[in-house]
Amino acid sequence: MTHEFQEALAHAYDNDDTIGRSIDLVLTNGELSAEARRQVHEDSSRAGETARMAWPRQALVEDFADRGGAISVPVLVLAGSDDKVDPPRILREHLLPLIPTATLAELGGTGHLSPLEVPDRIASHLGAFIARL
């Protein structure tokens, strides 16, 4: 996480214009339904200042490397191929080595909000994961 990207994310929800740009340029691959887009925009505009700043300045940069190894249950990481917040390459390099029980499935053509962009594919991956358990 570069300082520049962190600062850009800190202002991603400042107003209607920045929320719209964040949805289009950072959070999705442009495949949201009108209703999902409205919902994300509405939810994003409701966040208070403390919540808006906590995500980029604390949550995204928190180091939990010392706790990942304690996870002993099977973990499925779903990553959108076009996710700019949590790119699959970064998850493979930095998250999967920390959680010995984790596997990653990459969802082609989707971004950070893949549950809203491709809900059927998310459900399919979750169903297969649960069936294997």
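Reader: What makes E42 and R38 a salt bridge?

Author: In this predicted model, the closest N and O atoms of E42 and R38 are 2.7 Å apart. A salt bridge requires a side-chain nitrogen of Lys or Arg within 4 Å of a carboxyl oxygen of Asp or Glu, so the pair qualifies.

Reader: Where do E42 and R38 lie?

Author: Both belong to helix α3 (residues 34–46), where they are 4 residues apart, about one turn of the helix.

Reader: Why is E42 called partly exposed?

Author: Its relative accessibility is 30%. Partly exposed covers the range between under 20%, which is buried, and over 50%, which is exposed; E42 therefore counts as partly exposed. R38, with a relative accessible area of 39%, is also partly exposed.

Reader: Why does D66 count as exposed?

Author: The relative accessibility of D66 is 68%, and exposed means over 50%, so D66 meets the definition. Its salt-bridge partner R67 is partly exposed, with a relative accessible area of 44%.

Reader: How do you know that R67 and D66 form a salt bridge?

Author: Their side chains meet at 3.9 Å, N to O. The cut-off is within 4 Å, so this pair is counted.

Reader: Which strand pairs with β1, and what makes them a pair?

Author: Strand β2 (residues 102–107) is joined to β1 by 6 bridges, and the two run parallel. At least two bridges are needed, so β1 and β2 pair. One of the bridge partners is A105 in β2, which is matched with L78.

Conventions. Residues are numbered from 1 along each chain as its sequence is written. This is a predicted model: local features need pLDDT of at least 70, side-chain atom pairs count only at pLDDT 80 or more; totals for chains, interfaces and linings use all residues. Side-chain values use heavy atoms; hydrogens and water are left out. Buried means under 20% relative accessible area, exposed over 50%, partly exposed in between (1.4 Å probe, protein chains only).
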